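Biologist: Before we begin, please show me the structure. I should like to ask how each description is justified.

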Amino acid sequence: MENSRSFFPMDPEQSVKDPPFMRNVGLLLTYHCQASCAHCIIRAGPDRHEEVSLEDARDWIEQITAYRDGYIYVLSLTGGEPFSNLKLLRAVMKIAAENKLLISVVTNGFWATSQGKAKRLLQSLPEICFISISTDLYHQKFVPFDNVKNAIRAARECGIPFYVSLVTDNKEDPDYQRVYQEILELVEDPEQIRTGIIFPVGRAAEMKGDMNYSLCSEPCPEVCQASSSPCIFPDGRVYGCIGPLIDLHEHQPLYLGSLKEHPVAEIFDAAETNPILHALRLWGPARVLSWLREAGVGDHLPTAFVSGDICQTCHAMLSDPAVREWLHTLEQDTEFRRKVAYGRLYHLEESGMLEVGRY
Amino acid sequence: MPTKKTVTQAPKELAIPADLLRSFKTDIRFLPVNPGTRGYIMFDRAMLIAALRSSNIDERKTMATQLEALGRAGGELVIMQQ
């Protein structure tokens, strides 16, 4: 039987299409970073030295490559700052390239102290297929904006597709807008700038009172796309998304397991049939929140939401043990699992859950 | 770059039950206006096969660039499952 799909055009009214599930896997190489940004979700910094061992990286990458006969295409290397340990970065990229994975890297650009140096460094890392450069008011306290400019120009000269990643607590903030404009003048194309809202977790939890969020009474209705790409941490923990839920550790439905206890295939197969994860991809946290309200769990739900941001809703909702308990019951419900499985087929053209389960 | 729509029917055993189909047809999903800070790449089958067979890093980079350009042009690619 061939379950084939072919090319389809994007809806011209729609700027983003659902990313395919698990074609892209993240690997957090290190917690070390030159910066100790006030907003950092994993509290990376100069004093952090935990990193993935090369032995584990090799083992996991080989398992990732073998998974469903090459199902995964892209390995996204992140941190901390992956360029902190260049020897490790080179070694991991070499292994990934040998395993025919395409590689993307997230960086703060600290290494781009001159344009020439930045270009030479990128030329020495030919495995990089895609690069994401993070800069914003928080990063700029530690990494000069000139370095970011050098990194952008070097990526362009090397022909490496890139985008610049910004975070803010409020897109109306004049300082954010100034940084955005500076970057836009450099890259020219707004498509190459991605803005995220700061998650109120990790180190940012300590600056909660200083956040200038734009709040509203109803959650953002958007679907979740981050949960299409799981991320592996240096100690082997695997999360369905690298958003604020990681702050809830293993006490949440998007914690997928540990590679120290289970092989990649087992964890990824379980992710394929994780109904809460796919409900978030299909309908987003706002829909899940509406189910909770209907179920009478309203007292445990947040009442204020950050405008235009689904992650805060998801984190606030799942932070409550009663909500997690209700969702745990829901994920055992055969009718719910059936709806999610067929919903994936209808909306996302994904048959993975149906192939594994019987509905 | 092929972007035409090909209508395919789900295999019989994966046909969507009528009760669910009705609800899905009226289901409204809100896709993000902004793609957020996490990037992703989707692949055309031919590009994918060529990229995976190639040990030439420059060729892989060219493909990545083409994919990016395709996305900007409004094209999107889906994976073939056997």
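Biologist: What is the mean pLDDT of chain B, and what share of its residues reach 70 or more?

Modeller: This is a predicted model. The mean pLDDT of chain B is 64, and 37% of its residues reach 70 or more. Among the elements of the chain, helix 1 (residues 18–25) of chain B has the highest mean, 93, and helix 2 (residues 45–53) of chain B the lowest, 57. Over residues 1–9 of chain B the pLDDT is below 50, and this stretch has 19 contacts in the model beyond near neighbours in sequence. Residues 39–44 of chain B also have a pLDDT below 50, with 30 such contacts. Where pLDDT is low, the predicted coordinates should not be read in detail.

Biologist: Why does S258(A) count as buried?

Modeller: Its relative accessibility is 7%. Buried means under 20%, so S258(A) counts as buried. This residue lies in strand 11 (residues 255–258) of chain A.

Biologist: Which residues is S258(A) in contact with, leaving aside its neighbours within four places in sequence?

Modeller: They are D235(A), G236(A), R237(A) and I267(A). In addition, the side chain of S258(A) reaches the backbone nitrogen of K260(A) at 3.1 Å.

Biologist: Why does T313(A) count as buried?

Modeller: The value for T313(A) is 1% relative accessibility; the limit is under 20%, and therefore T313(A) is buried. T313(A) belongs to helix 8 (residues 310–318) of chain A. Beyond its neighbours within four places in sequence, T313(A) touches P219(A), P285(A), L289(A) and F305(A), with heavy atoms within 4.5 Å.

Note on methods: Residues are numbered from 1 along each chain as its sequence is written. Chains are lettered from A and ligands numbered from 1 in the order in which they are written. This is a predicted model: local features need pLDDT of at least 70, side-chain atom pairs count only at pLDDT 80 or more; totals for chains, interfaces and linings use all residues. Side-chain values use heavy atoms; hydrogens and water are left out. Helices (H or I, at least four residues) and strands (E, at least two) are DSSP runs, numbered from the N terminus. Buried means under 20% relative accessible area, exposed over 50%, partly exposed in between (1.4 Å probe, protein chains only). A polar contact is a pair of N or O atoms within 3.5 Å; within protein, one must be able to donate a hydrogen and the other to accept it, and residues adjacent in sequence count only if both atoms are side-chain atoms. pLDDT is the predictor's confidence in each residue, from 0 to 100.
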